Amino acid sequence: MSTYSTKAVNQAFYDQITSDDHGMQKNAQQAVNEFTRVKMREDGFWRKIIPPVPITNDELDRQVDTDKNVKIVDKEPGSPAAVSIPYATLPMNRYIRGPRYRVMFDRIVTPRFTKDIDELRTWDMDIRQVLSDNAIKDMLAEEDGKAIRCVNTLLGTVNTQVPETATVQYKTISGGITRETFNEALKIMPSTPSHLETSTLLMNNITVKDLQKWGRDEIGGDLAEEILLKGYSESTFLNTRILVTIKRDLVPDSTFFMFAEPKFLGKFFVLEDTTMAIERKFYLLEFFAYESIGSAIGNVAGLARADFTA
């Protein structure tokens, strides 16, 4: 965007937020809202692992132990294996129980920013871009951070069994990241009683460079050449989608987080999508972003983690 067009955008935005017409202020708010929502869905890795679904008030459930908004989700009931029996014999009775889990909602907010509106008159940068980018960065970090902390809690200590599946789903694998050890990591999730396959694999932008070391004998001629020339881009290895994040504080180096398909994993609901609240008090402009979301993992068997050692 040229300096002239950027100033024109800023002037229009300035006119809207400084106007006494509440309709014009609402237009300024909506312009930021639309930009924020689009960017939000592109960047958060948790939203790529479990796509968010909008939810309305009439779909919420009341609870006796909390005033928070809650959504109850049914889980597939277990059933025993079929058996062979003699003729003239009835099978044993088994009472049907339907397990459930709840998704609790929280509000995520950014800090409340303040700016003197007179200082907006001569800016050359796109003001809307600055406002939305700051809000997105904070909210994405909180969304993804809460999700990864939940995953780590459910998987427990490395090389120990997860109580729900009686299977080790968080392992250390020696030998670095090679084609052989990559396959060993993909064996973790199918080893649970649920026999799920890894649908999405999450690693950071440092770890993915170990994949770029693979030669023609490990990854194939054309793909090895493409990665050497252009670097890694999001693709599928061994029928597994690879996601790469720069959030190394959440996803450590030499670590894979593995997830089953969303229908085997959990739910992500959006009660109130990302909104930018803007208020003018005399010559001061205040703004912050917020959202109300709820996400929960309903099936621990849909999770796995591998830490690679040299």
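Which residues, Arg-47 among them, are linked in a network of salt bridges? In this predicted model, the network consists of Arg-47, Glu-143 and Glu-291. A search of the whole structure returns 10 salt bridges, and the ones centred on Arg-47 make a good place to start.

Two salt bridges of Arg-47 can be described in turn. With Glu-143, the side chain of Arg-47 meets in a salt bridge of 2.9 Å from N to O. This pair joins distant parts of the chain, since Arg-47 belongs to helix α3 and Glu-143 to helix α4, 96 residues apart. With Glu-291, the closest N and O atoms are 3.2 Å apart. Here too the link spans distant parts of the chain: Arg-47 in helix α3 and Glu-291 in strand β13 are separated by 244 residues. A helix-to-helix link and a helix-to-strand link are thus both found at Arg-47.

Are the members of this network buried or exposed? Arg-47 has a relative accessible area of 4%, and because the cut-off for buried is under 20%, Arg-47 counts as buried. Glu-143 is likewise buried, at 4% relative accessibility, and Glu-291 is buried at 0%. Another salt bridge offers a useful comparison. Asp-253 pairs with Arg-248, the closest N and O atoms being 2.7 Å apart. Asp-253 is partly exposed, at 34% relative accessibility, and Arg-248 is also partly exposed, with a relative accessible area of 42%.

Next to consider is the nonpolar interior. The largest nonpolar core contains 32 residues, and those with the most contacts inside it are Trp-46, Ile-49, Val-151, Leu-202 and Phe-259. The elements giving two or more residues to this core are α3 (45-49), α4 (127-155), β11 (255-259), β12 (266-281) and β13 (284-297). Of these, α4 gives the most, with 7 residues. Helices α3 and α4 and strand β13 therefore appear both in this core and in the salt bridges of Arg-47, because Arg-47 lies in α3, Glu-143 in α4 and Glu-291 in β13, while Arg-47 itself is buried.

The surroundings of Trp-46 can be followed residue by residue. Leaving aside neighbours within four places in sequence, Trp-46 is in contact with Asp-144, Ala-147, Val-151, Phe-259, Phe-268, Ser-295 and Ile-297. A second, separate core has 22 residues, including Met-189, Leu-196, Phe-256 and Phe-308.

Strands β12 and β13 deserve a closer look. They pair in the antiparallel sense over 13 bridges, and one of the matched pairs is Glu-272 with its bridge partner Ser-292 in β13. The two strands form a hairpin with 2 residues between them, and Phe-282 in the turn has a positive phi of about 60°. Tyr-283 is also placed in the loop between β12 and β13. Tyr-283 counts as exposed because its relative accessibility is 52% and the exposed class begins over 50%. Together with Phe-282 and Leu-284, Tyr-283 makes a nonpolar surface patch of about 370 Å².

Further strands join this hairpin. Strand β1 (residues 53-54) pairs with β12 in the parallel sense over 2 bridges, and Val-53 stands opposite Phe-269 in β12. For β13, a partner is β3, with antiparallel pairing over 5 bridges; within this pairing, Asp-106 has Ile-293 in β13 as its bridge partner. Strand β3 (residues 100-109) is in turn joined to strand β2 (residues 70-74) by 5 bridges, and these two strands run antiparallel. Asp-74 stands opposite Arg-100 in β3.

An open sheet is also found in the model. Its 6 strands follow the order β7-β14-β11-β8-β10-β9, and the pairing is mixed. The edge strands are β7 (170-174) and β9 (236-237), each of which pairs on one side only. At the β9 edge, β9 and strand β10 (residues 240-245) pair in the antiparallel sense over 2 bridges, with Phe-237 opposite Thr-240 in β10. Strand β11 has a place in this sheet and also gives residues to the largest nonpolar core.

Definitions and conventions:
Residues numbered from 1 in each chain as written. Predicted model: local features only at pLDDT ≥ 70, side-chain atom pairs only at ≥ 80, totals over all residues. Heavy atoms only, no water. Core = buried A, V, L, I, M, F, W, Y, C linked by side-chain atoms within 4.5 Å. Buried < 20%, exposed > 50% of the residue type's maximum accessible area, 1.4 Å probe, protein only. Helix = DSSP H or I, 4+ residues; strand = E, 2+ residues; numbered from the N terminus. Contact = heavy atoms within 4.5 Å. Patch = residues over 30% accessible without salt bridge, like charges linked within 9 Å, V, L, I, M, F, W, Y side chains within 5 Å. Areas by Shrake-Rupley, 256 points an atom, 1.4 Å probe, with all protein chains shown as cover. Salt bridge = Lys/Arg side-chain N within 4 Å of Asp/Glu carboxyl O. Pairing = 2+ DSSP bridges.
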